[in-house]
Amino acid sequence: MIITAAIALNLAKSLVLKNTAPVSPSVITTTTTTTTETLTSTTEPKTKKEKKGPKPAPEQGSTDVHIPYVTLSDCHACPTPCPEENHPHYPSYLKIDQETPLLDSMRPYTRHVLISTGKDDWEAHIDDDKDSLAPYLQKAIEEGQARLKEENGGRDLPRIVLTNSSKHGDSWEGEGWQVVILPDQIVVNNVTKDQCHDFFEAFLRPPVGSVAATVEAEHETESKALEVAKEELNGQLEKTNGHVQDDEKSESNSSVTVNATQNGSKTTVVTTTTTTTTRKVSSSGSTISSSSSTTAVDSPSSKGTFHHSTTDQVRTVKAGNTTFTAHRWLPRAAIMICSHRKRDKRCGVTAPILQKEFKRILRAKDIYGDCEGDVEIWLVSHIGGHKFAGNVIVHKQEGMAVWYGRVDPCHCEAIVESTIERGEVLKELYRGSMVDSFDLSRKKIAW
Ligand SMILES: [Zn+2]
């Protein structure tokens with residue numbers, strides 16, 4: 001895929017100084033708005049059975065959410081079951097629940113945090129695996145949410161979904177893990193077990209879209225934070241250059257805005273670094289679909305992806321004793337497929353079949369990858385509802401995350417074309433969505 005440059009458009013916007021506003025009860029209240037009530041009301045009468053399903057959201061809010069439904073027949077998808085022998089199918093022994101209504105079969109949530117493990121299966125309960133980051137981050141989230149709840153007068157807080165993912169963080173030389181935060185579009189490299197509480201304070205305490213660059217007031221700290229950001233950037237450039245071809249050119253520039261707030265002795269620093277990489281693919285392989293250039297699009301690792309950013313924005317966020325460096329997540333969308341075989345075989349069997357089919361479709365459209373405008377495929381750990389395998393979440397960059405169940409390979413093309421390309425929701429497969437997925441005016445992405 002040709003990487004076009006010119007990301008600098010967003011630069012000016014990103015330089016706007018932000019304070020790290022402490023969470024206030026009113027902010028939390030607005031983010032707990034859910035679509036549960038509205039979703040139920042849009043169900044067709046014949047499928048509107050009594051639902052035991054998920055608990056109601058802590059608070060009901062906006063009721064005028066419009067879900068842009070289309071049907072599988074609108075998308076010319078195969079009938080279920082598909083009669084075509086040459087289409088990919090699941091083995092017949094798999095018992096998939098075809099009866100229970102899918103709608104509202106997931107609980108409302110406002111954030112999805114994914115740990116890059118480079119694997120496609122995990123211990124049955126990811127927080128049992130003490131060698132991984134998951135139990136430590138899960139504990140930090142639970143404790144952080146409990147503190148927030150107390151500060152918030154005991155009111156329940158929006159759920160944060162934590163999963164492992166197959167994304168392969170191969171972009172740094174640290175002992176920690178790469179963590180992705182959506183819908184904030186933030187990628188943090190090298191998060192270690194002992195940093196999880198700081199991670200919560202830095203990235204999960206602030207409401208969605210309000211994670212701002214922060215550094216304590218001392219000038220020394222400021223300089224150090226900037227150095228960290230620049231060092232990391234330089235490291236990326238070296239790595240990036242290692243991946244690319246001769247006729248590729250990279251430029252980078254950093255802009256820093258420093259401003260003292262009147263609020264105590266804090267200083268807020270916004271660091272935005274833009275690296276522009278231009279690659280010409282035409283010299284050796286003339287088409288992107290040739291085998292040589294396909295190799296260039298894929299990552300060096302079979303499960304991994306390209307370095308998360310060749311065009312990048314970087315932000316330094318400090319909490320407790322930790323200075324984190326946050327990168328902007330660039331792709332247009334991620335297709336997450338539950339592949340948690342050790343938890344339930346059904347997702348373990350369906351996931352690789354779906355992955356292959358999604359990959360084929362995205363490659364045919366030349367949008368598979370993890371660069372700006374691409375679509376990534378991540379295998380993820382348990383998200384709930386194995387009986388509805390294949391379980392798929394489509395997360396779009398602008399903050400829309402749609403959950404689908406009973407996904408067959410013959411639905412993949414419709415999902416890509418309707419949901420990713422046109423922002424539509426396939427009614428027959430729809431389980432629910434991230435809060436505010438269809439009211440993006442309420443959701444401010446961090447960058
Ligand atoms: Zn088919």
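## Strands, turns and a helix pair in a predicted model

Reader: Which residue in β3 is the bridge partner of S116?

Author: This structure is a predicted model. Strand β2 covers residues 109–116, and strand β3 covers residues 159–165. The two strands pair in the parallel sense over seven bridges. In β3, the residue bridged to S116 is S165.

Reader: Is the β-α-β crossover from β2 to β3 right-handed or left-handed?

Author: After β2 the chain passes through helix α4, residues 134–151, and then enters β3. The test is to view the strands pointing away and to follow the path from the first strand over the helix to the second, which runs clockwise in a right-handed crossover. For the path from β2 through α4 to β3, the hand is right-handed.

Reader: Which residue in β4 is the bridge partner of I115?

Author: Strand β2 also pairs with β4, residues 177–182. Five bridges join β2 and β4, and these strands run antiparallel. Within β4, the partner of I115 is V179.

Reader: How many of the eight residues of β2 are buried?

Author: A residue counts as buried if 20 or more other C-beta atoms lie within 10 Å of its own. In β2 so many residues pass this test that the strand is largely enclosed by the rest of the structure. Of its eight residues, the number buried is seven.

Reader: Is D104 buried or exposed?

Author: D104 lies in the loop between β1 and β2. Its phi is positive, about 65 degrees, although D104 is not a glycine. The cut-off for burial is 20 or more other C-beta atoms within 10 Å. D104 has 20 of them, and therefore it counts as buried.

Reader: How many C-beta neighbours inside 10 Å does N190 have?

Author: N190 is found in strand β5, residues 186–191. Like a glycine it is not, yet its phi is positive, near 60 degrees. N190 counts as partly exposed because its C-beta neighbours inside 10 Å number 18.

Reader: Which residue does a cis peptide bond join to T80?

Author: The omega of this bond is about -5 degrees. The residue that follows the bond lies in the loop between β1 (69–70) and β2. The cis peptide bond joins T80 to P81.

Reader: What is the omega of the cis peptide bond between A389 and G390?

Author: G390 has its place in the loop between β11 (375–380) and β12 (392–396). The peptide bond joining A389 and G390 is cis. Its omega is about 0 degrees.

Reader: At what angle do the axes of α8 and α9 cross?

Author: Two packed helices are described by the angle and the distance between their axes. The axes of α8 (residues 345–364) and α9 come within 9 Å and cross at roughly 50 degrees. This makes α8 oblique to α9. The crossing is right-handed, and its angle is roughly 50 degrees.

Reader: Which residues of α9 meet α8?

Author: Helix α9 covers residues 412–422, and its buried residues include C412 and V416. On the α8 side, the residues in contact are L354, E357, F358, I361 and L362. An α-helix has 3.6 residues a turn, so residues three or four places apart point the same way. The α9 residues that meet α8 are C412, E413 and V416.

Reader: What share of the 447 residues of the protein chain counts as buried?

Author: The secondary structure of the protein chain comes to nine helices and 15 strands. Among contacts between residues at least 6 apart in sequence, 77% join residues at least 24 apart. The share of the 447 residues that counts as buried is 45%.

Notes. Residues are numbered from 1 along each chain as its sequence is written. This is a predicted model: local features need pLDDT of at least 70, side-chain atom pairs count only at pLDDT 80 or more; totals for chains, interfaces and linings use all residues. A residue is buried if 20 or more other C-beta atoms lie within 10 Å of its own, exposed if 12 or fewer, and partly exposed in between; C-beta atoms are placed from the backbone. Helices (H or I, at least four residues) and strands (E, at least two) are DSSP runs, numbered from the N terminus. Two strands pair if DSSP finds at least two bridges between them. Axes are lines fitted to C-alpha atoms, for helices over the stretch in contact, and angles run from 0 to 180 degrees between N-to-C directions. Angles under 35 degrees count as roughly parallel, over 145 as roughly antiparallel, 65 to 115 as roughly perpendicular and the rest as oblique. A crossing is left-handed if the near helix is turned anticlockwise from the far one by less than a right angle, and right-handed if clockwise. Two residues are in contact if their C-beta atoms, placed from the backbone, lie within 7 Å.
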